[in-house]
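Please take me through this structure in the viewer, telling me what to select at each step and what I should find there.

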Amino acid sequence: MQALTHKSFAVNRKPMTFWERLYLINIIKGMLITFSHMFKKQPTVRYPEQKREFSPVFRGLHVLNRDEQGRENCTACGLCAVACPAEAITMEAAERQEGEEHLYKEEKYAAKYEINMLRCIFCGLCEEACPKDAIYLSETFAPANYTRKGFIYDKNDLLIPNTLTNATALAKAKGVEA
Amino acid sequence: MTLLAFDWAFIIEKLILIVIIVLTTLLITLYTTFGERKVAAILQDRPGPNRAGPFGLLQPLADGLKLIMKEEIIPTTASKWLFILGPGLAMTASLMTCAVIPWSTDLHLFGRTIALQIADVNIGILYVFAVVSMGVYGIMIGGWASNNKFSLMSALRAASQAISYEIAMGLALIALLMSTGTLSLKTIVADQVSGHWWNVVYQPLGFLIFFICAMAECNRTPFDLPEAENELNFGYHQEYSSMKLGFYLFAEYVNMIMSSAIMASMYFGGYDLPFFDESTVAPNIAAMIGVGTLLIKIVLFVFLFMWIRWTIPRFRYDQLMNLGWKKMIPLALLNMLITGALILSKL
């Protein structure tokens, strides 16, 4: 039969010679190999000081988007919650009142919007399901927390800073997350 | 200073020396554990402990603190006194070896000549052997008193390994003693300092055998069968926790340092700095240089121990016994024979 790779060799069953049985030479060879590793470059990324870049397709924490006038895009249609295979998203809809047009883009908005980051599998299906451009997966991940409750992210955690009223915070967030 | 027929200054001097040597040994041991982790890391292309303090230098203190803070558990079925005695005995036995190691030439302070050796016993090497074989009691007692079959099996392994390798070690030493003609470590080192070559030149095979046996005596990889995690869980110290476990782990490193010191003294000229004439500097400075030299030699040996540990995997038990009885002992006997023949031919 033809070999699939060039990496397989027949086992050598020749009896060892005296020098091989002493092991010493082979041990010294092995020690030279490990010694040479002292001068090799370490692949370690020293994490908190030094961070590795995520790949461009990385799917991280969710953000709730706003339009260019700083209004929330989300209309609480619930398509993301339906699409979510981990059932991590819950929301409650509310109607926009008079005088709230600067806050919400359409007549209906999400009064409550929560994602349980412990359930979320970061598949990005919510992003795909959203018809209103409202939810995106960013390039950060959920930081550690002391309680399970701390992993339930509500609107305050998810909404990106307002473009108009809080431009510096947005720029900062973009700078960190980009 | 002579009261009740004792020279009290002598006793005080020795006490200070003992305290200094034991404390230094413990301190060096502390950093040997750190060194072990660093060496392992560097040989495996990783940075190793680097968080506690600059370059991770406070890591051993953190480790020690952690061990002390841990809950102390004595199993209800364990034999309590022996369980406590085990680690203490292991530690004591490994520290006792440092009594006969000549650290350097004499110091001259306050009009006294202070020998940098706790006790110049004229049977120094035999003393070392006696103490080293005591060390195995610590393991045996600890393993037996734990009342755990894995611990017991590991203790048995440790005992049989130590006994097997002590024979070859002793035979390798006899050859050395035949060429030096003395059992006192101080004389052996002094002979190497005064013009002769180091003993390793006369006894290369003997040194190799001694080195391998020392590694086996210290339970270091590739001879760490008593701690074989995959077959014996954790070995003889499985039931131990807190600082008792710390003592066992620590004793291993103390043993390593002590055997390095013994090997350096017997085969590599002890405190002798090569190509340097000690008589050109003041005696006290020469003594200090000697201490430094011996410490450097110890560090090199310890590094060698670690280097080997992180290179070769553990032997199988039958391989270990084969190596000990069928290779080491015949080789040591052969070495003895050759040495004897050479000495005879020179007469």
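For the first stop, it helps to know that two helix axes count as roughly parallel at angles under 35 degrees, as roughly antiparallel over 145, as roughly perpendicular from 65 to 115, and as oblique for the rest. Keep in mind throughout that this is a predicted model.

Begin by selecting helix H1 of chain B, residues 8-43, together with helix H11 of chain B, residues 283-309, whose axes come within 10 Å and cross at roughly 45°. H1(B) and H11(B) are therefore oblique to each other, and their crossing is right-handed. To see where they touch, show the side chains of Thr32(B), Gly35(B), Glu36(B) and Val39(B) on H1(B), and those of Val302(B), Phe303(B), Met306(B) and Trp307(B) on H11(B). Sorted by class, the residues of this contact comprise five nonpolar, two polar and one charged.

Next, keep H1(B) alone and look along its length: at 1.5 Å a residue, its 36 residues should span 52 Å, and its end C-alpha atoms are 51 Å apart, which agrees. Now colour its buried residues, which are Thr25(B), Thr29(B), Thr32(B), Phe34(B), Glu36(B), Lys38(B), Val39(B) and Leu43(B). What do the buried residues of H1(B) pack against? Within chain B, they pack against H2 (59-69), H3 (80-96), H10 (242-267) and H11, and they also pack against helix H2 (24-36) of chain A.

Move on to Asp45(B), just after H1(B), where phi is positive at about 60°.

Finally, display both chains and select their contact, which takes eleven residues from chain A and eleven residues from chain B. On the chain A side, these residues are five nonpolar, five polar and one charged.

Note on methods
Residues are numbered from 1 along each chain as its sequence is written. Chains are lettered from A and ligands numbered from 1 in the order in which they are written. This is a predicted model: local features need pLDDT of at least 70, side-chain atom pairs count only at pLDDT 80 or more; totals for chains, interfaces and linings use all residues. Axes are lines fitted to C-alpha atoms, for helices over the stretch in contact, and angles run from 0 to 180 degrees between N-to-C directions. Helices (H or I, at least four residues) and strands (E, at least two) are DSSP runs, numbered from the N terminus. A crossing is left-handed if the near helix is turned anticlockwise from the far one by less than a right angle, and right-handed if clockwise. Two residues are in contact if their C-beta atoms, placed from the backbone, lie within 7 Å. Ala, Val, Leu, Ile, Met, Phe, Trp, Tyr, Cys and Pro count as nonpolar, Asp, Glu, Lys and Arg as charged, and the others, Gly among them, as polar. The expected span of a helix is 1.5 Å times one less than its number of residues. A residue is buried if 20 or more other C-beta atoms lie within 10 Å of its own, exposed if 12 or fewer, and partly exposed in between; C-beta atoms are placed from the backbone.
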